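User: Hello! I am new to this structure and would like a close look at a single part of it, explained step by step.

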Amino acid sequence: MSGKRKSIENKSAGTENAGSECETVRADKGGAEKERACFGKEGADEGSADFKKKMKNGIKALGKAFENLFCGEKLTCVCCGADVFSDKDFCEDCLEHLPFNTGYICGKCGRAIAEDYPICAECKADMPSYDMARSAFRYEGEIVRLIKKFKTGGRYLARVFAQYMYLNLFSELKDADCIVAVPMTKEGVKSRGYNQSELLAKEISALSGLPFLPDVLEKTRDTTAQKTLTRKERQENLKGSFRVAKRRICRDKNIVIVDDVLTTGSTANAICRALRGAGAGKVYLLTAASVAKRERDKTAETEKDYENLLN
Ligand SMILES: [Zn+2]
Ligand SMILES: [Zn+2]
């Protein structure tokens, strides 16, 4: 401020009618300079504006703190509700017990397997179309409850899951170019209020910097009748149910399909085929959770029952 004042004073010193600093500079330099020259007044204005701004920010921060305190989104564990005295979403106890998918996994589908084999028996029997699938959690225990919550209004969980999915992306799907989400029909989005896969994809895009390409995929018809079908019938039913609306964008790109849960993999396979048809390079699948075969056997006798449990 003092340097500015000095230079203005120097300018005004040479003029005849130096009634006030403001007027002098106005004569010399015009309106814009005058604005800057009235440092005394402007300084006060600036100070008060600054103060007002600070107050406003302070009140906002205080409001947010109260909101967090009472709504508990940040200060309590998103899993058990216990107080969390850090910026983590889970308390220490939950972090210790949540089924992170960090044990032996199938190199292809990423599902948990009992022993260190390169590829699981399921993939061996029926090789998936995608290049590689990875998931942050195993679909069991508290994660089953959290995924259900995520699909029934708990959209804030997208941010929580995405952080862990991003770690998979960062460490294993390094050559990915862009992200797409498993699409829902318009009616589906309308009834749920959102597409959970799209919420995840947007969060992962923000974390990774990889572009999320909305509207690249379209679900051409409702396939919810899937639940009552056998595996073979389901694959038939899905044929042609996904369409690549923007084919040119997909050409030679390594694309990550984002979804909430990997169950049978039929949906991912159908989308993968559609993307390959549009000239995509590698196709990956990234999900919040995946269902290991043994869990499927435990939870339900048939895949049909299992899908019913999920939806
Ligand atoms: Zn907890
Ligand atoms: Zn596998």
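In what order do the four strands of the open sheet stand, and is the pairing parallel or antiparallel?

Analyst: Happy to help! First, a word on the model: this is a predicted model, in which local features need pLDDT of at least 70 and side-chain atom pairs count only at pLDDT 80 or more, while totals for chains, interfaces and linings use all residues. Residues are numbered from 1 along each chain as its sequence is written, and chains are lettered from A and ligands numbered from 1 in the order in which they are written.

Now to the sheet. Its four strands stand in the order 1-6-5-2, and the pairing is parallel. (Strands are DSSP runs of E with at least two residues, helices are runs of H or I with at least four, both numbered from the N terminus; two strands pair if DSSP finds at least two bridges between them.) At the edges, pairing on one side only, are strand 1 (132-138) and strand 2 (178-181). On average, neighbouring strands are turned by 25° against each other, direction ignored; axes are lines fitted to C-alpha atoms, for helices over the stretch in contact, and angles run from 0 to 180 degrees between N-to-C directions.

Let us walk across the sheet. Strand 1 pairs with strand 6 over six bridges, in the parallel sense, with Ala-133 opposite Leu-285 in strand 6. Seven bridges then join strand 6 to strand 5, where Val-261 stands opposite Ala-289. Strand 5 (residues 255-262) is joined to strand 2 by four bridges, and Ala-181 faces Val-258 of strand 5.

Two helices pack on this sheet. Helix 7 (residues 142-151) touches strand 1, strand 5 and strand 6 (283-290), its direction making about 110° with that of strand 5. Helix 10 (residues 196-208) touches strand 2, strand 5 and strand 6, at about 130° to the direction of strand 5. Contact here means that the C-beta atoms of two residues, placed from the backbone, lie within 7 Å.

Strand 6 is mostly covered, as eight of its eight residues are buried. (Buried means that 20 or more other C-beta atoms lie within 10 Å of a residue's own, exposed that 12 or fewer do, and partly exposed is in between, with C-beta atoms placed from the backbone.) The buried residues of helix 10 include Leu-199, Leu-200 and Ile-204, and among their cover are helix 7, helix 8, strand 2, strand 5 and strand 6. Just after helix 10, Gly-209 has a positive phi of about 85°.
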